[in-house]
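Q: Please take a close look at a single part of this model, its strand pairings and helix packing. A connected account, residue by residue where possible, would be most useful.

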Amino acid sequence: MDKNKSVKVFAPASIGNVSCGFDVLGLAVDSPGDEVLLSFNDSAQVTIAAIIGDDGRLPLEANKNTAGVAVIEFLKSINKTQGVEITLYKNLPLGSGMGSSAASAVAAVVAINHLMGSPMKREDLLPFVMEAERIACGSAHADNAAPSLLGGLILIRENHPLDIISIPTPEELFCVLVHPHVEVKTKDARSVLKATIPLKDGIKQWANTAALVAGMMKKDYALIGRSLVDVVAEPLRSDLIPGFEKVKKAALQNGALGCGISGSGPTIFCLCQGKENATRAGNAIQLEFESLRLQSEIYISEVNRKGAYIID
Ligand code: HSE
């Protein structure tokens, strides 16, 4: 084994929940994403050499950083002691609801698996990313980890034991992410949720989740739009996002099939048929935020269908 070898991996952002699929659906976007450069050394330790782009906000201790935790857990599981140095290029905003913590961990674990000679299949890397998610936000949900790792729309049928299903998405599906400059921590956005929901809400939610999956598989854009409804988390979380109702209305009037909160927010996502609709809807959302004096970034992209990948 070449002791000093290294690899750089890209892992995409993802839309957790996709409205109705709270904690069970996630969709990977083509860009943006985080990058990890991982190198071997003789230290027998996992260390973070540098994090670029986080303004010094993320921990440099490997056991507190999602990229570090994923690598440590992976090495533990294959019973190897290996000196590893991680450089994290943090392109995704923190606390944005774009699957930022998962993307760093995914890039890191794909990199270490590659450098170790790929002892594990892609799918089998998921538990290490989920453990990293647990460290980062107190909950080992897979709805960002799985799509960032594997690409596409992923349904998590069961966490223990893991049972995940890849759902095909129609070719012309475009994703819009608009990230307003307010921070919402996943922990806080989860704490506003109720432990129980009324049966009538449960019925609506699972009807929409099933219909969204059917819409994707049948390439029925109108059905996709009708199903992007969340009666469980959105009503409780929307107060954390200034102007949410106006923003959503503007998106729906300007070409979005549906619109909601990406993961735990504050990023707004919409799904659109074609790039033109996506641009129109995204611009309308940004204008609404501007009217509230809120700056935002916009990302328009196709669905990422291959998950994380090696850059060099
Ligand atoms: N499903 C998670 C939540 C995603 O909504 O809390 C966090 O990005």
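A: A hairpin connects β5 to β6, and four residues make up the link between the two strands. The model is predicted, so local features need pLDDT of at least 70 and side-chain atom pairs count only at pLDDT 80 or more, while totals for chains, interfaces and linings use all residues. Residues are numbered from 1 along each chain as its sequence is written, and side-chain values use heavy atoms, with hydrogens and water left out.

Within the hairpin, β5 covers residues 153-158 and β6 covers residues 163-167, and the two run antiparallel to each other over five bridges (strands, E, of at least two residues, and helices, H or I, of at least four, are DSSP runs numbered from the N terminus; two strands pair if DSSP finds at least two bridges between them). To place the register of this pairing, one can take Ile 154, which faces Ser 166 across in β6.

Further along the chain comes a sheet that can be described in more detail. This sheet is open and has four strands, arranged in the order β8-β9-β7-β10 with antiparallel pairing. Its edges are formed by β8, residues 258-261, and β10, residues 296-302, each of which pairs on one side only. On average, neighbouring strands of the sheet are turned by 20° against each other, direction ignored (axes are lines fitted to C-alpha atoms, for helices over the stretch in contact, and angles run from 0 to 180 degrees between N-to-C directions). One of its pairings can be followed closely: β7, residues 173-180, and β9, residues 268-273, are joined in the antiparallel sense by six bridges, and Cys 175 has Leu 271 of β9 as its bridge partner. Against this sheet packs helix α10, residues 275-291, which touches β7, β9 and β10 and whose direction makes about 15° with that of β7 (contact means heavy atoms within 4.5 Å).

The helix packing centres here on α2, which can be followed against two other helices in turn. Helix α1, residues 66-77, and helix α2, residues 100-115, pack at an angle of about 40°, and their axes are 7 Å apart. On the α1 side the contact is made by Thr 66, Ala 67, Ala 70, Val 71, Phe 74 and Leu 75, and on the α2 side by Ser 101, Ser 104, Ala 105, Ala 108, Val 109, Ile 112 and Asn 113. Sorted by type, the residues in this contact of α1 with α2 are nine nonpolar, four polar and no charged (Ala, Val, Leu, Ile, Met, Phe, Trp, Tyr, Cys and Pro count as nonpolar, Asp, Glu, Lys and Arg as charged, and the others, Gly among them, as polar).

Turning to α3, the angle between α2 and α3 is about 145°, and the two axes lie 9 Å apart. From α2, the residues Ser 101, Ala 102, Ala 105, Val 106 and Val 109 meet Phe 128, Val 129, Ala 132, Glu 133 and Ala 136 of α3. This contact of α2 with α3 divides into eight nonpolar residues, one polar and one charged. Among the residues of α2, Ser 101, Ala 105 and Val 109 take part in the contact with α1 and also appear in the contact with α3.

Some details of the backbone complete the account. The peptide bond between Ser 31 and Pro 32 is cis, with omega at about 5°, and Pro 32 belongs to strand β2, residues 25-41. A cis peptide bond also runs from Gly 265 to Pro 266, where omega is near 5°; Pro 266 sits in the loop between β8 and β9, two strands that follow one another in the sheet order β8-β9-β7-β10 given above. Finally, Ala 44 has a phi near 60°, which is a positive value in a residue other than glycine, and Ala 44 is located in the loop between β2 and β3, the latter spanning 46-52.
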